[in-house]
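User: I'd like a quick look at the backbone here. Can you walk me through anything out of the ordinary?
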Amino acid sequence: MKFQVLDIIPHLKNPVTGEIVSTADRLNQVVETARRAEELGVDSFSVGERHAGEFVSSSPTTVLSAIAAVTSRIRLQTGVTVLSVLDPVRVAEDYATIDQLSRGRLELVIGKGNEVLQYPLFGLSLDDQWDLLAEKYALLRTLWRKESVTWSGRFRPALTEPTTTTPRPFAGSPRIWHGSATTLTSAALAAKWGDPLFTANAIQPRENYKVLIDHYRAKYERHGHDPRHQYIGSGSGAGGVFIADTTQEAIRQYGPVYEGLTAGRNVPGNNSPFRDIQHAVAEGPALVGSPEQVIDKILSYHSLYSHDLQSISLPTTLPFGQQLDILERFALDVIPAVRAAAPTTLWEAEDPFGGRPEFAGATEPDAAAAVTADHALNRTDNAHVFAH
């Protein structure tokens with residue numbers, strides 16, 4: 001298994017102490033966490049995007065550029081890029097710039113977002129969120145794969161003159177994942193294009209996310225895509241990760257913070273059913289406990305999801321030094337055991353995107369084109385299956 005640190009950059013008071021850092025400090029913490037994650041051998045770092053609520057992640061491209069400048073090997077991802085409210089032309093330009101700055105380390109995770117207030121903010125209707133996502137993804141995909149593009153659609157002015165976005169990505173189109181949290185629609189969109197799926201695994205019982213994953217896998221197979229590229233990512237809950245010598249000690253230390261944050265969140269229809277720390281540890285996705293407890297929980301989810309990429313989020317209302325201590329302990333005490341028990345081809349030699357960054361030795365091969373060719377060949381080789 002591979003590992004990702006995700007920060008959607010919430011900017012909240014610690015519910016126990018009432019302390020909160022400045023916006024500048026909070027943003028710089030994200031960059032420093034990514035730098036430390038690379039030192040510890042974490043595979044990727046992801047920055048979220050929110051345009052409403054208590055977050056300072058409205059400009060993930062800026063934050064990822066800062067991270068690209070202080071790192072050289074960790075892969076850079078988003079979680080998620082709220083493509084439904086953005087202009088695909090600008091997304092193609094901005095993220096290709098980050099891809100160039102990082103020399104091929106970028107992979108996008110797109111979605112319609114988890115904040116309904118952002119749609120009126122951008123003059124859009126919430127009723128169109130899924131149609132917006134599907135149309136804008138088709139255009140973004142085309143812009144990164146082709147030059148001299150002409151296009152027309154429902155939600156943005158047509159590209160009537162041949163258009164080539166610049167800069168071009170570092171070495172062909174970056175891989176694009178699809179984030180899925182509550183409905184089958186994103187899972188179906190990922191399956192249609194043969195892209196990887198990233199399940200939020202955030203606040204609902206695990207069985208709810210299994211439904212999304214199963215739907216994705218069934219649709220992926222029905223579309224005839226090469227199963228070698230059917231990668232799954234999984235989150236780890238709104239509670240984040242907290243590690244102590246024993247699970248009892250982790251609960252004692254982190255319980256008041258977790259329960260304070262959970263009680264302070266009141267978004268009807270989008271609240272965690274795991275209101276107390278005992279319930280969250282026993283049945284929720286939060287990774288709170290001893291190293292052994294956290295290892296067992298990740299592997300229990302892997303037995304259900306068979307996922308390739310595990311995302312974690314640090315408890316960002318805690319003192320920053322404590323956050324880094326938790327990250328170090330997770331990297332040293334948890335990651336090696338899970339990697340050994342749950343191997344994956346993601347970002348390895350068998351994965352066309354594994355050799356895409358410059359540090360992996362490849363700058364010219366177009367991984368996206370190779371995957372597309374593999375999908376076409378798989379359909380040809382299994383024509384008898386799709387003929388019925």
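Analyst: Sure. Keep in mind that this is a predicted model. Let's start with Val80, which sits in the loop between strand 3 (75-78) and strand 4 (81-82).

User: What kind of peptide bond joins Gly79 and Val80, cis or trans?
Analyst: The bond between Gly79 and Val80 is cis. Its omega is about -5°.

User: And what about the bond from Thr166 to Pro167, cis or trans?
Analyst: That peptide bond is cis, with omega near -5°.

User: Where is Pro167 found?
Analyst: Pro167 lies in the loop between strand 7 (159-163) and strand 8 (176-180).

User: Why bring these up?
Analyst: Because most peptide bonds are trans.

User: OK, switching to phi. What is the phi of Arg103, positive or negative?
Analyst: Positive. Arg103 has phi near 55°, and this residue is not a glycine. Most residues other than glycine have a negative phi.

User: Where is Arg103 placed?
Analyst: Arg103 is in the loop between helix 3 (88-101) and strand 5 (106-111).

User: Buried or exposed, or in between?
Analyst: Arg103 has 43% relative accessibility, so it counts as partly exposed. That class lies between 20% and 50%.

User: Now Ser306. What is its phi?
Analyst: Ser306 has a positive phi of about 55°, though it is not a glycine.

User: Which loop holds Ser306?
Analyst: The loop between helix 10 (291-305) and strand 13 (309-312).

User: How does Ser306 count by relative accessibility?
Analyst: Ser306 is at 39% relative accessibility, so it counts as partly exposed.

Conventions: Residues numbered from 1 in each chain as written. Predicted model: local features only at pLDDT ≥ 70, side-chain atom pairs only at ≥ 80, totals over all residues. Heavy atoms only, no water. Helix = DSSP H or I, 4+ residues; strand = E, 2+ residues; numbered from the N terminus. Buried < 20%, exposed > 50% of the residue type's maximum accessible area, 1.4 Å probe, protein only.
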